[in-house]
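Good morning, and thank you for the time at today's meeting. I would like to go through one structure with you, beginning with its folds and ending with its cysteines.

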Amino acid sequence: MAGLHKSEFTNPVINWIDTRMPVFTMIQKEYGVFPTPKNFNYFWNFGALAMVNLMLMIATGIFLAMNYTAHTGMAFDSVERIMRDVNYGWLLRYGHANGASMFFIVVYVHIFRGLYYGSYKAPRELLWMIGVVIFLLMMATAFMGYVLPWGQMSYWGATVITNLFSAIPVVGESVVTWLWGGFSVDNPTLNRFFSLHYLLPFVIVGVVFLHIVALHITGSGNPLGIEVKGPQDTLPFHPYYTIKDSVGICVYFIVFAVLVFFAPNYLGHPDNYIPGNPLVTPNHIVPEWYFLPFYAILRSVPSKLGGVMMMFGSIALMFVLPWLDTSPVRSARFRPIYRILIWVLVLAMITLGVCGARPPEGIWVVLARLATAYYFLHFLVLLPLLGKLERPLPLPESISRPVLGGGPLPGGAMAKPMEKA
Amino acid sequence: MMRTAHLFQARLFPFAAAAFAAALTLAAPARAEEGEISYPKQNWSFNGPFGTFDRASAQRGFQVYKDVCATCHSLQQMAYRALSGIGIEPSAIAAIAGSVSVPALTDDGQPTERPALPSDRFRSPFPNDRAARAANNGALPPDLSVIEKAREGGADYLFALLTGFRDPPPGFKLGDGMNYNTAFAGHQIGMPPPLHDEGVTYADGTKATVEQQARDVTTFLAFAANPEMESRKRIGVRVILFLVVLTGLTYAVKRKVWADVDH
Ligand code: HEM
C-alpha cells in the first residue's frame with residue numbers, strides 16, 4: 001500500500017507536502033467538501049462550539065499553569081497573584097473559570113440536541129457512546145480544576161466527592177486513602193489533581209478526535225432524522241457550514257464575554273474566596289452548578305452506596321440509551337409522545353439542578369426524589385415502551401423533498417411511517 | 001405537517017433558552033436563604049456595566065480601613081502600589097508605605113524591620129492566626145482582601161454588617177464577648193462595633209457618620225477585592241460592541257452564502 005499520494009493541490013509547497021503526507025487532502029475531504037445535510041438548524045452549531053471551547057480551556061489553562069502553585073499553603077495566594085499581578089491574569093482566570101461553565105452549557109445543549117433528534121440511534125451508537133466518554137472526562141477535569149484554587153468549596157467539595165468512594169463495600173476506605181495519597185485531602189491530593197487536571201484535557205482532545213472519526217464515517221444526522229438520500233440532500237461543509245458555525249461562535253462569544261467581563265463570579269460560589277480550611281466546615285457544601293442535577297440524585301437516596309450507584313447509574317444509562325429507545329424514528333418531530341416526554345425530562349433535570357443547590361430538607365427532598373424517579377422512569381421504562389406504543393407521524397421522503405416542495409407530500413411518501421428512512 | 005414542524009422549530013430555541021435562564025436564576029438565590037439574613041440592595045458607584053469606584057469615597061474608605069479595621073484585619077493580598085487604582089498619587093503611596101515597618105533581615109541574618117516600599121503587601125496586624133485569635137477573644141478577624149467576593153451579597157452585605165450593630169432584643173442570649181448584629185448569620189459576632197460617629201476625621205470635610213464610614217470602607221473593600229474591575233468593564237464594553245458588529249457581518253455573509261440554497 002505504500003506509495004506517494006497524488007495530490008491535486010496546485011501550490012507547489014502544499015503539493016510537495018501533500019504528496020508525502022496527504023494531510024491537506026484529508027482536511028479538504030473532511031472539512032472542505034465533506035457532504036453535510038442541508039437542513040441543519042442552529043442546534044448543529046454546538047459541536048463546533050464545544051471544540052472551540054476545549055481549545056480555549058487548554059490555551060487559558062496552560063498560561064494559568066505557568067503562574068499557579070500546587071501547594072496547599074500557596075495555591076490560594078498564587079491564584080490571587082494571577083488575579084492581581086499577572087498581566088491580564090484576571091482575564092485568564094475568569095476566562096478559564098467561566099469557560100468551564102460555558103463548556104458545560106454548550107455540551108448540555110449538544111446532548112439535548114442528540115436526545116431530541118435521536119442522534120444516538122443506529123448507526124451512530126458508537127459516536128454517541130464516545131460522546132458520553134467525553135462528558136465523563138469533562139466532569140473529572142472540571143472537578144479537579146475546581147479543587148486547584150484551594151478555597152473552602154475546593155477543599156470540602158474534594159472531601160465530599162472523594163469520600164463517595166468509601167461507599168464501595170469492603171475496600172472503600174482503602175480506595176479513598178489511596179485516592180487522597182494520605183488520610184485526608186491534603187497536599188498530595190492537590191498535586192495529583194493538578195497533574196491530572198493538566199493531563200485529562202489532552203485525553204479529551206484524543207477522544208474528540210475519535211468522536212469526529214466516527215462522525216465522518218456515519219455522516220451527520222439532521223433535524224428530520226432521516227438519512228441522506230443523495231447529493232441533492234447535502235451541501236459541502238465549506239463554505240455553508242463554516243459560515244453558519246461562525247455565526248454561532250460569534251453569539252457564543254457574546255454570552256461568554258458578558259459573563260467574563262460583567263459577571264465573572266455570578267456562577268461561582270462566594271465560599272471559594274475563603275482559603276480552604278480543614279477545621280471549618282461550610283454550612284452547605286455545593287458543587288459547581290453543572291454538577292447540581294447529579295448531586296441531587298446522589299442525595300435523594302437515603303443510603304450512601306445507593307446514592308452513589310444511582311448517580312453513576314444516571315450517566316451509565318447514557319451508554320445503553322441507543323438500545324433502550326426502541327423506536328425506529330429518530331427525530332422527536334415525528335414522535336408526538338416522545339416530543340412531550342423529552343421536555344418533561346428537561347424539567348426533571350432543571351428541578352434536580354435547583355434541588356441540588358438547596359439544603360436537602362423538606363420540599364426539596366421530595367422534589368428531588370420525584371425528579372430522580374422520573375429520570376430513571378424515562379430511560380428505563382418509558383423509552384422502551386414508547387417504541388411499541390407510539391404512533392409516529394409520517395416521515396418525509398427525503399431531506400430535499402419537503403425543503404423544495406413545501407406543501408403536503410404525496411400519499412406514497414407517507415405510507416411507511418414505521419420504516420427507518 | 002411540515003408547517004407545524006417549522007413552527008415548533010422556531011419555538012424550540014426561546015424555550016430552551018428560557019429554561020436555562022430559569023435554571024440559573026433559580027439556583028442562584030438558593031444560597032441567599034441560608035441563615036435568614038437580609039442585606040438591602042444599595043446604590044453603589046461600581047454597580048452596573050459602566051460602574052466605576054467613586055475615588056473620593058474609596059480614598060476615605062482606605063482611611064477608615066487604615067485607622068480602624070487595620071488594628072484587627074489584614075489585607076495581605078494587596079500591595080501598597082495598588083492604591084494608585086483609587087487615585088492616590090505615587091508620592092502619597094510611597095509615604096503611606098514608608099510609615100509602616102515590615103519585618104526584614106540584617107546583612108548578618110538578624111531579624112529587623114525596615115520601612116515598607118510601595119511593592120510590599122499590606123502589613124498584617126498579627127504575626128499569625130493564633131495571635132489574632134488570642135487578641136480577639138478567640139474569634140479570628142478574617143483577611144479583608146477578597147471579603148467582598150467571599151460573602152453572599154458582597155458589598156450590600158458588608159454595608160449591612162457594618163451598620164447592623166444593635167442592642168440584642170429582649171430574651172436574646174448573647175455569648176460572652178459577643179455582639180448583636182442584624183446582618184450576621186446567627187446574629188452573634190465576635191467583632192465589636194468598629195464604627196462610631198466621628199470615629200475618624202475625614203480630610204475632605206465629609207461628615208463621618210457611621211453610615212458614611214460604612215459606605216466608604218465598603219467601596220474600598222470592593223476595590224481591594226476587584227482591583228481590575230474598571231479596566232475589565234471598559235474592555236468588556238469594547239469587546240461586546242466588537243462582537244455585536246462581527247456577529248452582524250458574519251450573519252450577513254451567511255445569508256449571502258446561503259442565498260442560492262433552497263432550504
Ligand atoms: C477540559 C478542559 C478544562 C476544564 C473543564 C477546566 C476546568 C477548570 C476549573 C473549573 C477550574 C477552577 C477555576 C476557578 O474557580 O478558579 C480550573 C482551574 C485551573 N485549570 Fe483548568 N480546565 C480545563 C483545562 C485546563 C488545562 C488544559 C490546563 C493546563 C494546561 C488547566 C489549568 C488550570 C489551572 C492552573 C487552574 C488553577 C487556577 C484557577 O483556579 O483559576 N486547565 N480548571
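Chain B of this predicted model contains seven helices and four strands. In what pattern do they follow one another along the sequence of chain B? The pattern reads α-α-α-β-β-α-α-β-β-α-α. Please follow it on the display, beginning at the N terminus.

Chain B has 263 residues, and 39% of them count as buried. Consider next the contacts in chain B between residues at least 6 apart in sequence: 60% of these join residues at least 24 apart. As for the outside, the accessible surface of chain B comes to about 14,100 Å². Carbon and sulfur atoms account for 58% of that surface.

I now turn to the interior. As general background, nonpolar side chains in soluble globular proteins tend to be buried together. In our model, the largest nonpolar core comprises 129 residues. Which residues have the most contacts inside this core? They are Tyr68(A), Phe104(A), Leu115(A) and Phe379(A). The element that gives the most to the core is helix H5 of chain A, spanning residues 89-116, with 15 residues. Apart from this core there is a second, separate one of 47 residues, which includes Ile88(B), Ile96(B), Ala160(B) and Ile189(B).

Let us look at Phe104(A) in detail. If we set aside its neighbours within four places in sequence, Phe104(A) is in contact with Phe135(A), Met138(A), Met139(A), Ala142(A), Trp289(A), Tyr290(A) and Phe291(A).

Nonpolar residues also appear on the surface. Phe165(A), Ile168(A), Val170(A), Val171(A) and Phe312(A) form a nonpolar patch there, and together they have about 460 Å² of accessible area. Where in chain A is Phe165(A) found? It lies in the loop between helix H7 (152-163) and helix H8 (172-180). Phe165(A) counts as partly exposed because its relative accessibility is 32%, which falls between the cut-offs of 20% and 50%.

Finally, the cysteines. How many disulfides does the structure hold over all chains? The number is zero. Why does Cys72(B) not form a bond with Cys69(B)? The closest cysteine sulfur to that of Cys72(B) is in Cys69(B), 8.7 Å away, and this is too far for a bond; a disulfide would need the two sulfur atoms within 2.5 Å. Cys72(B) is partly exposed, with a relative accessible area of 27%. Cys250(A), by contrast, counts as buried, because its relative accessibility is 7%, under the cut-off of 20%.

Thank you for your attention.

Methods
Residues numbered from 1 in each chain as written. Chains lettered and ligands numbered in written order. Predicted model: local features only at pLDDT ≥ 70, side-chain atom pairs only at ≥ 80, totals over all residues. Heavy atoms only, no water. Core = buried A, V, L, I, M, F, W, Y, C linked by side-chain atoms within 4.5 Å. Buried < 20%, exposed > 50% of the residue type's maximum accessible area, 1.4 Å probe, protein only. Helix = DSSP H or I, 4+ residues; strand = E, 2+ residues; numbered from the N terminus. Contact = heavy atoms within 4.5 Å. Patch = residues over 30% accessible without salt bridge, like charges linked within 9 Å, V, L, I, M, F, W, Y side chains within 5 Å. Areas by Shrake-Rupley, 256 points an atom, 1.4 Å probe, with all protein chains shown as cover. Salt bridge = Lys/Arg side-chain N within 4 Å of Asp/Glu carboxyl O.
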